[in-house]
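Colleague: I have just opened this one and don't know my way around yet. Could you walk me through it?

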Amino acid sequence: MPVPQQSVAMTSTRSPAIEAKGLVKEFRGPEGAVRAVDGLDLVVWPGEVVAFLGPNGAGKTTTLDLVLGLAAPTSGTVRVFGKKPAGAIADGQVAAALQDGGFLRDITVFETVELTAALFGRTGSVTPFLERAGIAQIARRKVGKCSGGQQQRLRFAMALVSEPDLLLLDEPTTGMDVQGRRDFWTAIRHDAEAGRTVVFATHYLQEADSYADRIVLVSHGRVVADGTVAEVKALAGSSNLEDVFLALTADRADGTTTATTAEGVNR
Ligand SMILES: Nc1ncnc2c1ncn2[C@@H]1O[C@H](COP(=O)(O)OP(=O)(O)OP(=O)(O)O)[C@@H](O)[C@H]1O
């Protein structure tokens, strides 16, 4: 679910959109402590479109949760436009479309987006947001009757409604068909050109290759490569992002990953 907020205008700021320093998040469970995020450093500047990549369990979702203030760090700090996450959210600068965002299944697509707009204090028609997300034609359909890809588009529309400065997207195109993905990325690039910052976690490397200004590759809760697509490819000496991904996230016998010492591209 997008994070409730008040402001609808994009604001400009000199602060980084995201600044994480030494971010650590540990979970305690029956198998002992799990260090999901392990000293992560990251700076994202306004207007960047950043792909957040990494194997299953690398810590991508946990990091996004920390940026949104949905979880508190065990140690380290995270600032969003120079503020604590809760402050940036209260100021209406952040929205998110998360994997596990719940829906009210018995109301329509249109009502869902209208309800979201009302939560954000927005007035006016929500139809443009439905159109941008490619779901205007199913506006009267009950959410519970929507396919997985249609629900993904609905999550996107709900995040767009608040006109955030920073949009965080966790695997946003999972389940979308080819046209849906293309529409989605057209909308994202359009927003980025208008100054919006977008950070998206994905397993679709082709999308990172085609649409991201920058790739941040994480493994075991740490950034193992950070740079433009070309820089990250050069680091692993391959033009194939899948090969690069596998090379940079391969586990070594000492439990680290291949690129942890590759300072050349790590920012
Ligand atoms: N609430 C929790 N309690 C215990 N462990 C957790 C919790 N949330 C996440 N983890 C663990 O933290 C690690 C990182 O999980 P996270 O969901 O951030 O990874 P991810 O990179 O988003 O993975 P995926 O690509 O599979 O979505 C995993 O080992 C996961 O099992």
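Modeller: Before we look at the ligand, one term: a residue is near a molecule if one of its heavy atoms lies within 4 Å of it. Please also keep in mind that this is a predicted model.

Colleague: Okay, so which of the residues around the ligand come nearest?

Modeller: There are 14 residues around the ligand, and those that come nearest are Gly 57, Lys 60, Thr 61, Thr 62 and His 203.

Colleague: And which helix gives the most to that shell?

Modeller: That is helix 1, with three residues; helix 1 spans 60-67, and both this helix and strand 2, which covers 32-44, supply at least two residues of the shell around the ligand.

Colleague: What about Thr 61, how far is an N or O atom in its side chain from an oxygen atom of the ligand?

Modeller: The distance there is 2.8 Å. For Asn 56, an N or O atom of the side chain lies 2.9 Å from a ligand oxygen, while at Gly 59 a polar backbone atom is 2.9 Å from an oxygen of the ligand. As for cover, the ligand taken alone exposes 640 Å², and the protein buries 62% of that.

Colleague: Switching topic, how many helices and strands does the protein chain have?

Modeller: The protein chain has nine helices and nine strands, and of its 267 residues, 49% are buried.

Colleague: Let's pick strand 7, then. Why is it largely enclosed by the rest of the structure?

Modeller: Strand 7 runs over residues 197-201, and five of its five residues are buried, so the strand is largely enclosed by the rest of the structure. Thr 197, Val 199 and Ala 201 point one way from the strand, whereas Val 198 and Phe 200 point the other way, and all are buried.

Colleague: Which residues stand opposite Val 198?

Modeller: From strand 3, which is residues 49-53 and pairs with strand 7 in the parallel sense over four bridges, Val 49 stands opposite Val 198. Strand 6, residues 166-170, also pairs with strand 7 in the parallel sense, over five bridges, and there Leu 167 stands opposite Val 198.

Colleague: How does the chain get from strand 6 to strand 7?

Modeller: The chain passes through helix 6, residues 178-193, on its way from strand 6 to strand 7, and this β-α-β crossover is right-handed.

Colleague: Last one, what about contacts across the whole chain?

Modeller: Among contacts between residues at least 6 apart in sequence, 70% join residues at least 24 apart.

Notes:
Residues numbered from 1 in each chain as written. Predicted model: local features only at pLDDT ≥ 70, side-chain atom pairs only at ≥ 80, totals over all residues. Heavy atoms only, no water. Buried < 20%, exposed > 50% of the residue type's maximum accessible area, 1.4 Å probe, protein only. Pairing = 2+ DSSP bridges. Right-handed = clockwise from strand over helix to strand, strands pointing away. Contact = heavy atoms within 4.5 Å. Polar contact = N/O pair within 3.5 Å; in protein donor to acceptor, adjacent residues only side chain to side chain. Areas by Shrake-Rupley, 256 points an atom, 1.4 Å probe, with all protein chains shown as cover.
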